[in-house]
Amino acid sequence: MLDIKYIRDNPDEAKRRLATRGVDGGVIDEALVLDAKWREIKFAADNLQAALNKASKAFGPWMGASKKNPQAPAPKDLIDALGETPATPDAAKVALAALGDKQAATQRQADELMQQIEGSLLYVPNLPSSKTPVGASEADNITRKEWGTKPQFTFTPKAHWDLLAGQGFDMEVGGRISGSGFPFFRGKLARLERALINFFLDLHTREHGYTECWTPFMVREETLRNSGQLPKFIDEMYRTDARDDLFMIPTAEVPLTSVHAGEILPDESTPIRYCAFTPCFRREAGAAGKDTRGILRVHQFSKVELMVVTTPEQAEAEHEALTRCAETVLERLELPYRRLELCTADIGFGAARCYDLEVWAAGVGKWLEASSCSHFSDFQARRAKIRVKGKDSGTRLAHTLNGSGLACPRTMIAIIENNQNADGKVRIPDALKPYYGNEWL
RNA sequence: GGAGGAGUGGCAGAGUGGUCGAUUGCGGCGGUUUUGAAAACCGCAGAUGGGGCAACCCAUCCGGGGGUUCGAAUCCCUCCUCCUCCGCCA
């Protein structure tokens, strides 16, 4: 969520920065009008409350005094608050109740305005960082680096669904059990999936300093609001019925971001680096008919996620470091990849800046997004109320970052398609052999 | 699923209708003392929002939400979380 104070002080800048992502500035103008109204009414409500507090404080002693001496004069604070001199404590009670009603009504008005402001602000994406390249579409993303060389073949490399047909790659079985887009692996592919997960986790925990977490896979609405998926992307979520009303997580980012929700962390405790394996559940409502073959785009997949909570000062360096951790996975697996810096038109809803890592898949002949490493600045922290506090720096919102490290299906596709032989055999990368337990798939 | 108990400031732990943002201890910060440190003593310390050029002032916050009352940490309702016991089941 954006900072209403920032919007108040820099409305034109806010609109200009939102415009670079194709967001109309109208929401900003609306928020400003509501905010001005809110402040006026809130001020009135506060003043009424202050008068009421003073009067209530003076009331008790006066009532006591009146019992002994009915002539006891009404206290000044009470007269000030009521604007008249009450004849008796009972008369004052009636007048105070009326004043209380007026205060409550004013407060309610203020609350409703604030709800309106927050209600619309929750749908506004983050402001792009000043370093994010301005662009109009994904065509304006910038390739920051390319690593490795695409494999050369003396034959036409097959796509994974052809290469693996009849070898435990059972999309139809998944379909029978759950519907299309739910992969079912048998035998060596199931083992490969498990090997990848273990390889990812070991690398990040042993070499990159991340703390492994095991998280719930179903979460509350509030948890999804913290990390930015709700309310806007509700159509992307699997949701249980009203008895429990829980959501299946679309990524481990969701539970990990809420680990420190509501906390004020000492600066020295940051950066906090977490990684977790979870299955990810996505309805892919907007992507129907796209990437339908094989496991290019599925409703359930495995992923190891990296997530960092840090100070604003360290965030940029942590973002680079986190991206390097994800790249290291691809390098160890000898998979050619490129790092794209997404432009303003293509970065995700909550991101201020984002690198996509795309891995080359020789069979489908495409670069596949295997990781998206995002810097959220204080966008998620404001929603989740994650703050950091230092001796000299005071209390401020934390910054959060996350990225896949990596997603299994696309990593698996790249391994299989890039390492295939003419006879259909697939070589397992050296780094993965100890986990998979064999040189060939 | 059933029956109980509990949730207070960084932590521990008082407080059962009015002067309580809240006693106290520990921890933290500043100071006195000391060659230095420890100890002792003194002092300062929360978050959020609003108003003001500012000094500063006001409001809110005792798990969340709602209610009773002139007035709620304190009474009532509801939800959440944790603990104990029973039942059921991986």
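**Exercise 1.** How far from a phosphate oxygen of RNA strand B does a polar side-chain atom of Thr395 lie? Place the answer among the other phosphate contacts of this predicted model.

*Solution.* Start with Thr395, where the distance from a polar side-chain atom to a phosphate oxygen of RNA strand B is 3.3 Å. Next take Arg39, which likewise has a polar side-chain atom 3.3 Å from a phosphate oxygen of the strand, and then Arg8, where an N or O atom of the side chain is 2.8 Å from such an oxygen. Two or more residues of the surface near RNA strand B are given by each of helix H1 (4-9), helix H3 (26-68), helix H5 (89-121) and strand S11 (387-390), and H3 provides the largest share, nine residues.

**Exercise 2.** Describe the surroundings of RNA strand B by number, chemical class and the part of the strand that is approached.

*Solution.* Count first: 19 residues surround the strand, and the closest are Arg8, Trp38, Gln49, Arg220 and Arg387. Of the strand's atoms that come within 4 Å of the protein, 84% belong to sugar and phosphate. Sorted by class, the residues of this surface comprise nine charged, six nonpolar and four polar.

**Exercise 3.** Decide whether His399 is buried or exposed, and identify its polar partner.

*Solution.* Locate His399 in strand S13 (residues 399-407). Its relative accessible area is 13%, and because buried means under 20%, His399 is classed as buried. Beyond its neighbours within four places in sequence, His399 is in contact with residues including Val308, Pro312, Ala315 and Asp378. His375 is also among these contacts, and the side chains of His399 and His375 make a polar contact at 3.5 Å.

How values were computed: Residues numbered from 1 in each chain as written. Chains lettered and ligands numbered in written order. Predicted model: local features only at pLDDT ≥ 70, side-chain atom pairs only at ≥ 80, totals over all residues. Heavy atoms only, no water. Near = heavy atom within 4 Å. Polar contact = N/O pair within 3.5 Å; in protein donor to acceptor, adjacent residues only side chain to side chain. Helix = DSSP H or I, 4+ residues; strand = E, 2+ residues; numbered from the N terminus. Nonpolar A, V, L, I, M, F, W, Y, C, P; charged D, E, K, R; others polar. Buried < 20%, exposed > 50% of the residue type's maximum accessible area, 1.4 Å probe, protein only. Contact = heavy atoms within 4.5 Å.
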